[in-house]
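Colleague: Can you walk me through the side-chain contacts here? Put the model up and start wherever you like.

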Amino acid sequence: VHVGSCLSPFCMCYYIQILLHINHFFSILYTSSTLVWSATTKGIPLVYGSIWGMDGRLSFIHVPQTPCLRCMFPEPPPSETFPVLGTTPGVIGSLQALETIKFLTGIGQNLKNKLLVWDGAGVEFRTFKTRKDPQCPTCSGSV
């Protein structure tokens, strides 16, 4: 991606077709992730991933067609240190890559309006429906 002389996250989103985000510090999405916010406000798809120990979460967010991250998680979890097993980011990252390939090629269906939860200890996947929050401070203008 060549962003020229504009290095602000809002400006960089002009060149982005899709954004992948994975983090084990969930609070970053609420405090310093202007790139995620910029992508959301510009309607750029976000493949969201988070990890916690042996568990992971994944969703395909494309506002206004889907809820944004704040709709799905209105409050950040308590700030604490927790372990991350090395294979967990690999599993969630691979699933993020698959979601991205499906979007870019138009093959298959993305996890729109769904949250995929992976339980690494039990090696089980569960899917939950997500809904927009009409009072969401991030995307309520597009609800």
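Modeller: This is a predicted model. I'll start with F103, which is partly exposed, at 28% relative accessible area.

Colleague: And F60, buried or exposed?

Modeller: F60 counts as buried, at 1% relative accessibility.

Colleague: How many aromatic pairs are there in total?

Modeller: The count is three aromatic pairs. One of them joins Y48 and F73. Their centres are 5.7 Å apart, with 50° between the planes, and the pair is tilted.

Colleague: Which parts does the pair of Y48 and F73 tie together?

Modeller: Y48 sits in strand β2, residues 46–52. F73 sits in the loop between α4 (69–72) and α5 (87–105). So the pair links parts that are 25 residues apart in sequence.

Colleague: How buried are those two rings?

Modeller: Y48 is buried, with a relative accessible area of 1%. F73 counts as buried too, at 15% relative accessibility.

Colleague: Back to F60 and F103. Why is that pair called tilted?

Modeller: Their planes meet at 40°, so the pair is tilted. The ring centres are 5.6 Å apart. F60 lies in strand β3 (residues 55–61) and F103 in helix α5, so this pair ties together parts that are 43 residues apart in sequence.

Colleague: New topic. How many disulfides?

Modeller: Zero disulfides. C71 is in none, and the nearest cysteine sulfur, in C139, is 3.5 Å away.

Colleague: What about C136, why is there no bond?

Modeller: The closest cysteine sulfur to that of C136 is in C68, at 3.4 Å, which is too far for a bond. The cut-off is 2.5 Å between the sulfur atoms.

Colleague: Are C71 and C136 buried or exposed?

Modeller: C136 is buried, with a relative accessible area of 0%. C71 is buried as well, at 9%.

Colleague: Now the packing. How many residues are in the largest nonpolar core?

Modeller: The largest nonpolar core has 16 residues. Y48 and I61 have the most contacts inside that core.

Colleague: So Y48 turns up again. Which elements supply this core?

Modeller: β2, α4 and β4 (114–119) each supply at least two residues. α4 gives the most to this core, with three residues.

Colleague: What lies apart from that core?

Modeller: Another core, of six residues. Among them are I18, V47, F60 and L116.

Colleague: F60 again, then. Which ring was its partner?

Modeller: F103, in the tilted pair.

Terms used
Residues are numbered from 1 along each chain as its sequence is written. This is a predicted model: local features need pLDDT of at least 70, side-chain atom pairs count only at pLDDT 80 or more; totals for chains, interfaces and linings use all residues. Side-chain values use heavy atoms; hydrogens and water are left out. Buried means under 20% relative accessible area, exposed over 50%, partly exposed in between (1.4 Å probe, protein chains only). Rings of Phe, Tyr and Trp (its six-membered ring) pair if their centres lie within 6.5 Å; planes under 30 degrees apart count as stacked, over 60 as edge-to-face and the rest as tilted. Helices (H or I, at least four residues) and strands (E, at least two) are DSSP runs, numbered from the N terminus. A nonpolar core is a set of buried Ala, Val, Leu, Ile, Met, Phe, Trp, Tyr and Cys residues joined through side-chain atoms within 4.5 Å.
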